[in-house]
Amino acid sequence: MRGTLTLTWILIICLSQVAVQSQYYSKTRPYHPRPVKVTNLHFFMHETAGITAVQVAQANITSNDNNSSVPFASLVAFNDPLRTGPEPDSKVIGNVQGIALVSRMNASGTQYIDFGFNTGRFNGSSISVFSRGEPGLAVVGGRGEFMMATGVALFNPIIINATNVIMEFNITVVHY
């Protein structure tokens with residue numbers, strides 16, 4: 001009994017020392033921010049229904065009352081090429097990956113989009129957008145050249161039909 005009590009006290013003392021010696025944070029260091037940069041980007045997203053954009057989930061409803069090609073309460077995943085122009089043979093500069101939740105009757109909703117670049121000055125960088133499907137989408141982050149990015153992504157539909165979508169994007173990115 002006495003040995004068990006001694007061992008218990010030794011463990012309590014050791015554990016209290018470990019808690020005092022280890023901390024979950026480091027010493028505060030001065031912050032030296034890099035200068036702010038503003039970059040304006042212009043490119044086109046080319047989407048093909050069933051190939052680069054696929055419906056992955058849909059609510060169990062019996063009708064399509066919104067007369068849309070995408071039924072209400074659908075989840076669509078996409079991986080579309082980013083091009084320098086609206087022409088199908090224009091230069092590919094990256095890709096767009098994301099998901100869109102169609103949650104309103106006019107076939108718009110909430111979107112998460114990641115614009116990844118694989119050529120040129122921004123090779124390996126990406127811009128993350130998370131917003132409702134209105135003309136101005138919020139830039140909420142990025143990686144590479146666009147680390148800690150904020151800004152706005154404005155889009156303009158060029159072609160929207162049953163099989164193809166071509167969207168023009170003008171993105172203003174504030175980054176470091």
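Start with the contacts across the whole chain: among those with a separation of 6 or more, 44% join residues that are 24 or more positions apart. The model on screen is predicted. With the chain shown as a cartoon, one helix and nine strands can be picked out. In sequence order the pattern reads α-β-β-β-β-β-β-β-β-β. Switch to a surface view, and the accessible area of the chain is about 11,400 Å², with 60% of that area on carbon and sulfur atoms. Of the 176 residues, 32% count as buried.

**Stop 1: strands E3 to E6**

Select strand E3, residues 74–83, together with strand E4, residues 92–102. E3 and E4 are antiparallel and share ten bridges. To check the register, show Phe78 and look across to E4, where Gly98 is its bridge partner.

Add strand E5, residues 109–117. E4 and E5 also run antiparallel, joined by nine bridges. Here Asn95 is a useful marker, as its bridge partner in E5 is Gly116.

Next add strand E6, residues 126–132. The pairing of E5 with E6 is antiparallel over seven bridges. Thr110 has Arg132 of E6 as its bridge partner.

Is E6 enclosed or open? Five of its seven residues are buried, so E6 is largely enclosed by the rest of the structure.

**Stop 2: Ser74 and Gly109**

Go back to E3 and select Ser74, which belongs to that strand. Ser74 has a relative accessible area of 1% and is therefore buried, the limit being under 20%. What does Ser74 touch, leaving aside residues up to four places away in sequence? Its contacts are Gln55, Ala57, Gln58, Ala100, Leu101 and Val102.

Now select Gly109, which sits in strand E5. Gly109 is buried as well, with a relative accessible area of 10%. Draw a distance between the C-alpha atoms of Gly109 and Ser74: they are 9.6 Å apart, while the two residues are 35 residues apart along the chain.

**Stop 3: E7 and the loop after it**

Select strand E7, residues 136–143, next to E6. Four bridges join E6 and E7, which run antiparallel. Show Ile127 and find its bridge partner in E7, Gly142.

Move on to Met148, in the loop between E7 and E8. Its phi is near 60°, a positive value in a residue that is not glycine. Most residues other than glycine have a negative phi. Is Met148 buried or exposed? Met148 is exposed, because its relative accessible area is 55% and the exposed class begins over 50%.

**Stop 4: the nonpolar core**

Hide the backbone and show side chains. The largest nonpolar core holds 27 residues, and the members that touch the most others are Leu41, Phe43, Phe115, Phe117, Ile127, Phe169 and Ile171. Strands E1, E3, E4, E5, E6, E7, E8 and E9 each supply at least two residues of this core. Which strand gives the most to it? That is E9, with five residues.

Centre the view on Leu41. Not counting residues up to four places away in sequence, Leu41 touches Phe117, Phe122, Ile127, Phe146, Phe169, Asn170, Ile171 and Val173.

**Stop 5: the aromatic residues**

Select Phe43, Phe115, Phe117, Phe122, Phe146, Phe155 and Phe169, which form one aromatic cluster. In the whole structure there are eight aromatic pairs. One of them is Phe155 with Phe169, a tilted pair with 6.0 Å centre to centre and 45° between the planes. Phe155 is in strand E8 and Phe169 in strand E9, so this pair ties together parts 14 residues apart in sequence.

Finish on Phe169. Its relative accessibility is 3%, so Phe169 counts as buried. Phe169 is also among the contacts of Leu41, and among the core members that touch the most others.

Technical notes
Residues are numbered from 1 along each chain as its sequence is written. This is a predicted model: local features need pLDDT of at least 70, side-chain atom pairs count only at pLDDT 80 or more; totals for chains, interfaces and linings use all residues. Side-chain values use heavy atoms; hydrogens and water are left out. A nonpolar core is a set of buried Ala, Val, Leu, Ile, Met, Phe, Trp, Tyr and Cys residues joined through side-chain atoms within 4.5 Å. Buried means under 20% relative accessible area, exposed over 50%, partly exposed in between (1.4 Å probe, protein chains only). Contact means heavy atoms within 4.5 Å. Rings of Phe, Tyr and Trp (its six-membered ring) pair if their centres lie within 6.5 Å; planes under 30 degrees apart count as stacked, over 60 as edge-to-face and the rest as tilted. Accessible areas come from the Shrake-Rupley method with a 1.4 Å probe; for residues, only the protein chains shown count as cover. Two strands pair if DSSP finds at least two bridges between them.
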